[in-house]
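Here are some short exercises to try with a viewer open. Work each one yourself before you read the solution.

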Amino acid sequence: MGQYLPIVAMIVLAILFAGVSLLMSRLVSPKRSTNAKRAPYECGIVPSRDSGERFPVRFYLVAMIFIVFDIEIIFLYPWAVIYRDLGPFGLIEVLLFAVAVFVSFVYMISNGALEWGPSNLAKKFSPMISAERTASTTVRRVGLEGRLDEPGQPGRPSPGPDKEGVAA
């Protein structure tokens with residue numbers, strides 16, 4: 001039990017430090033509240049209007065991509081240090097790990113993690129890009145009526161005057 005004493009002491013000290021810090025900040029802090037203190041802080045920019053909308057999911061997907069690749073680097077670095085000692089088992093395990101990372105990356109990309117900006121937003125709401133828009137609905141079908149097959153029709157050259165000088 002004596003071997004766990006430093007860990008228990010560290011946990012108790014961490015809890016004590018957190019509790020004392022919260023208590024002292026509540027007791028010592030000034031209680032004057034102003035509009036500026038109640039306003040949301042947005043990187044020093046004064047908000048001109050309420051946001052009114054939540055962040056799109058793709059912001060969180062980008063954060064997930066960062067975390068996935070961060071974890072991949074954390075696990076690949078120790079593997080790279082001792083990969084010769086692991087043999088085929090280590091190779092198979094890292095390949096399984098890489099497949100899992102790749103599948104999660106493909107999932108995030110397929111959910112639109114990197115599709116943002118005004119051009120992609122315009123594509124999303126454009127009626128020109130939809131599943132209902134096919135060749136049968138967008139290409140004008142023209143039959144034989146209205147075609148200029150006979151001479152003398154508008155747009156076709158007339159044959160010119162015949163023997164008597166009268167146009168046909």
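The exercises below go from the whole chain down to single side chains, and the model they use is a predicted one.

**Exercise 1. Get the overall picture.** How many helices and strands does the protein chain have, and what percentage of the residues is buried?

Solution.
- Start with the secondary structure: there are six helices and zero strands. Written along the sequence, that gives the pattern α-α-α-α-α-α.
- Next, burial. Of the 168 residues in the protein chain, 6% are buried.
- Then look at the surface. The chain exposes about 15,300 Å², and 68% of that comes from carbon and sulfur atoms.
- Finally, contacts. Take those between residues at least 6 apart in sequence: 54% of them join residues at least 24 apart.

**Exercise 2. Check whether helix H4 is straight.** Compare the end-to-end distance of H4 with what a straight helix would reach, and find where H4 bends.

Solution.
- H4 covers residues 83-110, which is 28 residues.
- At 1.5 Å a residue, a straight helix would reach 40 Å.
- In the model, the end C-alpha atoms of H4 are only 33 Å apart, so the helix falls short of that span, by the rule of 1.5 Å times one less than the number of residues.
- Now for the place: H4 bends by about 75° at Phe-89.

**Exercise 3. Find the core.** Which residues of H4 are buried, and which residues form the largest nonpolar core?

Solution.
- Begin with H4, whose buried residues are Gly-90, Val-94, Val-101 and Met-108.
- The largest nonpolar core has six residues: Leu-61, Ile-65, Val-68, Val-101, Met-108 and Ala-113.
- Sort them by element. Helix H3 (57-81) and H4 are the elements that give two or more residues to this core.
- H3 supplies the largest share, with three residues.
- Compare the two lists: Val-101 and Met-108 are on the buried list of H4 and also in the core.

**Exercise 4. Follow two H3 residues across space.** Which residues does Phe-69 contact beyond its neighbours within four places in sequence, and how far is Ala-63 from Ala-113 in space?

Solution.
- Phe-69 sits in helix H3 and counts as partly exposed, at 31% relative accessibility.
- Setting aside the neighbours within four places, Phe-69 touches Val-101 and Phe-105.
- Phe-69 and Val-101 are 32 residues apart along the chain, yet their C-alpha atoms are separated by 7.8 Å.
- Ala-63 is in helix H3 as well, and is partly exposed with a relative accessible area of 36%.
- From Ala-63 to Ala-113 is 50 residues in sequence and 9.3 Å in space, C-alpha to C-alpha.

**Exercise 5. Classify the aromatic pairs.** How many aromatic pairs are there, and why is the Phe-75 and Phe-97 pair put in its class?

Solution.
- The count is three aromatic pairs.
- Take the rings of Phe-75 and Phe-97. Their centres are 5.7 Å apart and their planes meet at 85°, so the pair is edge-to-face; the cut-off for that class is over 60 degrees.
- Place the two partners: Phe-75 lies in helix H3 and Phe-97 in helix H4, so the pair ties together parts 22 residues apart in sequence.
- Check accessibility. Phe-75 is exposed at 52% relative accessible area, whereas Phe-97 is partly exposed at 23%.
- Now try Trp-79 and Tyr-83. Their ring centres are 5.7 Å apart with the planes at 40°, so this pair is tilted.
- Both partners are partly exposed: Trp-79 has a relative accessible area of 24%, and Tyr-83 has 39%.

How values were computed. Residues numbered from 1 in each chain as written. Predicted model: local features only at pLDDT ≥ 70, side-chain atom pairs only at ≥ 80, totals over all residues. Heavy atoms only, no water. Helix = DSSP H or I, 4+ residues; strand = E, 2+ residues; numbered from the N terminus. Bend = angle between axes of the 7 residues up to and from the residue. Buried < 20%, exposed > 50% of the residue type's maximum accessible area, 1.4 Å probe, protein only. Core = buried A, V, L, I, M, F, W, Y, C linked by side-chain atoms within 4.5 Å. Phe/Tyr/Trp six-rings, centres within 6.5 Å; stacked < 30°, edge-to-face > 60°. Contact = heavy atoms within 4.5 Å. Areas by Shrake-Rupley, 256 points an atom, 1.4 Å probe, with all protein chains shown as cover.
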